[in-house]
Amino acid sequence: VRGVEGLSEDEIRTMFLTYGQVDRLNMHDARDGKETIRVASIHMATAEQARTARAGLHQKTMATDRVLDIEPLPSDTLLFVGNLEASTSEQDLRDLFEPYGPLKRCWIMKRKDGTSKGYGFVEFETRTAATNAKAKLAGTRVGDMGLRLDWSDCTTENTMQSRTLFVDKIPKDYGDSEGLREVFAPYGKVIDCLILRFPDTQRPRGFAFVEFDKPEEADRALEGTRDLVFQGSKLRVAFANATRERMLASRSHRVSVEG
């Protein structure tokens, strides 16, 4: 929750108690671009209570003249798993993650023809197991690529259909996001294209996120750029964890309501 400057923990808790049980509430400072702001992290008893609280309080103007900005935190048991080999099966995925704790479910996202999109999801029974698996397996090489693991805030089949591509192996001296956009534009409507930079030096980090309007456009771009050589370097393109990567690309870090 942003916009809480001038409010005490008791005042914030009282606001949210109107919508249900507040299990945890923490106040701390966070970076928003170059600015340091005061934020609150709130855990409600149920997801439904969190959704109701957001519906009632988001964009509400407080007596301090601050406007509350409330966004949900990602699940703490659901992991996005990227950079999967085309041959990786759901049983392979289960065998890889199950040693870290009991799973609720795991699945690989597939095209209409049944082929793998190269990413999937693993949901654990507990946060401890999910955190341990993420720490131990991130970057683990399965075939030719290292696994990309991140918390996922996807809640429906639709949001799990990624429209965002992770583009790696961009030359470190190339930072023209608009130039990269032109490479992907033939495959569909590009909503956003961002080459990430180091915050202290603003030098390009060698990778980018490209967001399309539709999942099938992103899929078409993935296939079309599989062996593409760009600025002398062979790009490595994979589906990204759409909702989380969009939050990263927005250049703002939010601390929010979790349910």
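The dialogue below walks through the cores and one sheet of this structure, which is a predicted model.

Q: Where should I look for the largest nonpolar core, and which residues have the most contacts inside it?

A: As a general idea, nonpolar side chains tend to be buried together in soluble globular proteins. In this model the largest nonpolar core has 28 residues, and those with the most contacts inside it are F121, L165, L180, F184 and F212. Apart from this core lies another one, of 18 residues, which includes V4, L7, F16 and L25.

Q: Which residues does L165 touch, if those up to four places away in sequence are not counted?

A: With such sequence neighbours set aside, L165 touches F184, A208, F209, V210, F212, A218, A221, L222, V237, A238, F239 and A240.

Q: In what order do the strands of the open sheet lie?

A: A sheet is read by following its strands from one edge to the other, and here the 4 strands follow the order β4-β5-β3-β8, with antiparallel pairing. The edge strands, each of which pairs on one side only, are β4 (103-110) and β8 (148-151). On average, neighbouring strands of this sheet are turned by 20° against each other, with direction ignored.

Q: How many bridges join β4 to β5?

A: There are 6 bridges between β4 and β5 (residues 116-124), and the two strands run antiparallel; one example is I108, whose bridge partner in β5 is G120.

Q: Which strands do helices α3 and α4 lie against?

A: Helix α3 (residues 90-97) packs on the sheet and touches β3 (78-82), β4, β5 and β8, with its direction at about 140° to that of β4. Helix α4 (residues 127-137) lies across β3, β5 and β8, and runs at about 150° to β8.

Key: Residues are numbered from 1 along each chain as its sequence is written. This is a predicted model: local features need pLDDT of at least 70, side-chain atom pairs count only at pLDDT 80 or more; totals for chains, interfaces and linings use all residues. Side-chain values use heavy atoms; hydrogens and water are left out. A nonpolar core is a set of buried Ala, Val, Leu, Ile, Met, Phe, Trp, Tyr and Cys residues joined through side-chain atoms within 4.5 Å. Buried means under 20% relative accessible area, exposed over 50%, partly exposed in between (1.4 Å probe, protein chains only). Contact means heavy atoms within 4.5 Å. Two strands pair if DSSP finds at least two bridges between them. Axes are lines fitted to C-alpha atoms, for helices over the stretch in contact, and angles run from 0 to 180 degrees between N-to-C directions.
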